[in-house]
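Visitor: I'd like to go through a structure with you, one topic at a time. Please give me the cut-offs as the terms come up.

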Amino acid sequence: MTAKQSLEFSRPVLVRSLRDARPEAPREIVVTATPDECVRIAHRLGLPQVASLSCRYALCAGVGGAIVAEGALSARVSQSCVLTLDVFEDVVGERFTLRFVPEHRFDPEAADDLEASDEIPFEGDAIDLGEATVEQLALALDPWPRKPDATRPDYVITEEEAEALAERDAEDPQARRNPFGALAKLRRGDS
């Protein structure tokens with residue numbers, strides 16, 4: 001199986017078909033994942049479900065064989081809340097700009113420039129809009145998803161509360177002997 005065959009969502013576009021595309025007259029392409037591809041994408045990204053994924057691209061030829069892609073991604077996904085572990089549905093919408101650059105012209109050092117458009121190297125005569133879409137979805141997802149109106153359970157403490165407990169333990173020898181004593185005091189609201 002080649003790398004292209006193993007991708008969950010592949011939509012190759014021949015670079016030569018974009019030669020005449022210009023910023024004032026870009027070539028518009030919409031890529032949409034099938035239900036089977038959505039299942040594979042969810043597995044790859046560690047999500048309970050990807051219900052839908054599509055992206056509208058406006059493509060134009062750039063300098064040195066590069067292809068500039070303006071994308072507008074939309075997806076319906078299910079995520080697990082980091083506070084409650086409940087699964088909830090979410091809608092992701094993201095606009096982005098990519099530059100597909102021939103591999104021999106790709107400069108990894110330029111990729112560190114946070115102000116520049118993201119560059120994706122490609123080899124051969126095609127770019128893969130499906131793979132680019134999955135990568136952009138992965139970047140757009142909240143790394144700490146919270147279900148709307150989710151509240152922190154009482155037994156979960158914040159970093160500040162943990163620091164306060166450590167300070168109290170240092171000052172109170174009794175709390176040091178019983179690590180749960182400090183937690184009990186905190187829960188009761190004792191100072």
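Guide: Let me begin with pairing: two strands pair if DSSP finds at least two bridges between them. Helices (H or I, at least four residues) and strands (E, at least two) are DSSP runs, numbered from the N terminus. As for the source, this is a predicted model, in which local features need pLDDT of at least 70 and side-chain atom pairs count only at pLDDT 80 or more, while totals for chains, interfaces and linings use all residues. Residues are numbered from 1 along each chain as its sequence is written, and side-chain values use heavy atoms, with hydrogens and water left out.

Visitor: Fine. In what sense do β4 and β5 pair, and over how many bridges?

Guide: They pair in the antiparallel sense, over 14 bridges. One residue pair there is Ile 67, which stands opposite Phe 100 in β5, and another is Glu 70, whose bridge partner in β5 is Thr 97. The two strands form a hairpin with six residues between them, and Leu 85 in that turn has a positive phi of about 65 degrees.

Visitor: And what does the whole sheet look like, in which strand order?

Guide: Five strands form an open sheet, ordered β2-β3-β4-β5-β6, with mixed pairing. Its edge strands are β2 and β6, each of which pairs on one side only. From one strand to the next the twist averages 25 degrees; axes here are lines fitted to C-alpha atoms, for helices over the stretch in contact, and angles run from 0 to 180 degrees between N-to-C directions.

Visitor: How many bridges join β3 to β4?

Guide: Twelve, with the strands running antiparallel. Ala 61 stands opposite Ile 67 in β4, and Leu 59 has Ala 69 as its bridge partner in that strand. Here too there is a hairpin, with five residues between β3 and β4, and Gly 64 in the turn takes a positive phi of about 70 degrees. On the other pairing of β3, six bridges join β2 to β3, again antiparallel, and Glu 28 stands opposite Ala 58 in β3.

Visitor: Switching to helices, where does α2 sit relative to the strands?

Guide: Helix α2 lies across β2 and β3 and runs at about 95 degrees to β3. Its buried residues (buried means under 20% relative accessible area, exposed over 50%, partly exposed in between, with a 1.4 Å probe and protein chains only) are Glu 37, Cys 38, Ile 41 and Ala 42.

Visitor: Why are those on the same side of α2?

Guide: Because they cover an arc of only 140 degrees around the axis, where the arc is that of the directions from the helix axis to the C-beta atoms. The face of α2 turned away from the buried side carries the exposed residues Asp 36, Val 39 and His 43. What covers the buried residues includes β2, β3 and α3, and just after the helix Gly 46 takes a positive phi of about 70 degrees.

Visitor: What's in contact with Ile 41?

Guide: With contact meaning heavy atoms within 4.5 Å, and leaving aside neighbours within four places in sequence, Ile 41 is in contact with Glu 8, Phe 9, Ala 33, Val 50, Leu 53, Val 134 and Leu 137. Ile 41 is buried, with a relative accessible area of 0%. The C-alpha atoms of Ile 41 and Val 134 are separated by 7.3 Å, although these residues are 93 residues apart along the chain.

Visitor: How about Gln 136, buried or exposed?

Guide: Gln 136, which lies in helix α3, is buried, with a relative accessible area of 8%. Not counting residues up to four places away in sequence, Gln 136 touches Leu 73, Phe 96, Leu 98 and Asp 118.

Visitor: Last topic: how many residues are in the largest nonpolar core?

Guide: The largest nonpolar core has 33 residues, and those with the most contacts inside it are Leu 53, Tyr 57, Phe 100, Ile 127 and Leu 129. Elements that give two or more residues to this core are β2, α2, β3, β4, β5, β6 and α3. By nonpolar core I mean a set of buried Ala, Val, Leu, Ile, Met, Phe, Trp, Tyr and Cys residues joined through side-chain atoms within 4.5 Å. Leaving aside neighbours within four places in sequence, the residues in contact with Tyr 57 include Arg 27, Val 31, Ala 69, Phe 96 and Leu 129.

Visitor: And what share of the protein chain is buried?

Guide: Buried residues make up 31% of the 191 residues in the protein chain, which has six helices and seven strands.
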